[in-house]
Structures are given as C-alpha cells and as structure tokens.
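Trainee: Could you take me through the aromatic ring pairs here, up close? I would like to see how each ring sits.

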Amino acid sequence: MTTWIIIAILAIIVIYFIAQYNGLVKLRNWVQESFSQIDVQLKRRHDLIPNLVETVKGYAKHEKETLNQVIEARNGLISGTPQQRIEADNQIEGALKSIFALAESYPDLKANQNFLQLQEELATTENKVAYSRQLYNKTVKDYNIKRESFPSNIIAGMFNFKREELLTIPEAERDVPKVTF
C-alpha cells in the first residue's frame, strides 16, 4: 500500500512538472507568434510605402529629403532585434507624418485618389501595428510572469527559458505633444 502511495505522489509530481514545462513552451511560442504579427504589419507598411512615395514624388519633386528619409527608414525594418526594428518603425512613423504634412502644401496631391487610398491603408496598418505591439507586450508579460513565478521558475531555470523584453518607445516620444492655436 505504501509503495502505491509513493508511486502516486511521484506520478503527480511528474505530471505537474510536465504541465508547467508545457505551459512555458506554449507561452514562449505565443511570444514568438505575437512578434510575427508585428512583422506582418510592418511588412505590409513596408510594401505600401513605395507606392505612397511614388505618388507624392509626382506632386512634390523638390521634397526629396523627406522622401529619402522615408525610404531609409523603410530599409531599416528588414532586419535586427525586435527593439531595433521597432526603433526603425518609429522613424518611419515620423517620416510618414512629414509626407502627410506635404499633402497640406499640395492641394492636388491632397485630392488625389491614389494618395487618399494609400493614406487610408497606412492608417489602418498603423492601427494594426499598434494593436500587435499591445498583444506582444501582453504575451511577453504573461510569459515572464509564468517564468518567474514559483514553482514554474524552477522548471524555467532547468530548461533555460530566457526572459523576453517588452517593446518600449523612446523617451522623447513619451512627452505629451504641445498643441498651440
């Protein structure tokens, strides 16, 4: 009888460890999947930008500096760590704001259907990027909590589950913008 109790206790412990390990694996994969969703949206934006730049070039031939900034920032999205790619993404956001500001100076561009359609698609993509970033940070938070909580932290240490970093924004972008009329 005592042997069966010991075997049952050991079986429960083994099953518990397996469940904890599988939970960590599941969350780690969710972190990877949620970052790939950011990647999908950044790729979508990456593909839309040349069309937008070409449309604007037709109207604002002398605004090459702004257009070149957009192209350079776009090229930075291709590789790097998640944080480096997000920094390149932030540069693109700033450059795109400049392009949309150009539309104010060129009434024909502002009314151009291609420009309006691309602007709408980029706005939709920006919303999807923001949502994907939120999902990524939530998933990383859940993973890190599980990884650091007892007793799953023992299993995480045994199987080398690494801490994931949250996506952050640069300090300069945290300030509240000043609006003047």
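Mentor: Happy to! Let's begin with Tyr 21, which has a relative accessibility of 30% and so counts as partly exposed. Bear in mind that this is a predicted model. The partner to look at is Phe 161: the two ring centres lie 5.7 Å apart with the planes at 75°, and because an angle over 60 degrees counts as edge-to-face, that is the label for this pair. Along the chain the partners are distant, 140 residues apart, with Tyr 21 in helix α1 and Phe 161 in the segment after α6 (152-158). Their surroundings are worth a look too. Phe 161 has a relative accessibility of 3%, so this ring's residue counts as buried, whereas Tyr 21 is partly exposed. Phe 159 joins in as well, since ring pairs link Tyr 21, Phe 159 and Phe 161 into a cluster.

Now step back to the whole set: the count comes to four aromatic pairs. One of them is formed by Tyr 16 and Phe 17, again edge-to-face, at 6.4 Å centre to centre and 90° between the planes. Tyr 16 is partly exposed, with a relative accessible area of 38%, and Phe 17 is partly exposed at 34%.

If you want to carry on from the rings, try the largest pocket, which holds about 180 Å³ of space. Its lining includes Phe 35 and Tyr 136, and by class it has six nonpolar, two polar and three charged residues. Helix α1 (2-59) and helix α3 (82-105) each supply at least two lining residues, with the largest share, three residues, coming from α1.

Note on methods: Residues are numbered from 1 along each chain as its sequence is written. This is a predicted model: local features need pLDDT of at least 70, side-chain atom pairs count only at pLDDT 80 or more; totals for chains, interfaces and linings use all residues. Side-chain values use heavy atoms; hydrogens and water are left out. On a 1 Å grid over the protein atoms alone, a cavity is a set of points where a 1.4 Å probe fits but cannot get out, and a pocket is an open set with protein on both sides within 12 Å along at least five of seven lines; lining residues have an atom within 4 Å of a point. Grid points are joined across faces, edges and corners, and a volume is the space filled by probe spheres set on the points. Helices (H or I, at least four residues) and strands (E, at least two) are DSSP runs, numbered from the N terminus. Ala, Val, Leu, Ile, Met, Phe, Trp, Tyr, Cys and Pro count as nonpolar, Asp, Glu, Lys and Arg as charged, and the others, Gly among them, as polar. Rings of Phe, Tyr and Trp (its six-membered ring) pair if their centres lie within 6.5 Å; planes under 30 degrees apart count as stacked, over 60 as edge-to-face and the rest as tilted. Buried means under 20% relative accessible area, exposed over 50%, partly exposed in between (1.4 Å probe, protein chains only).
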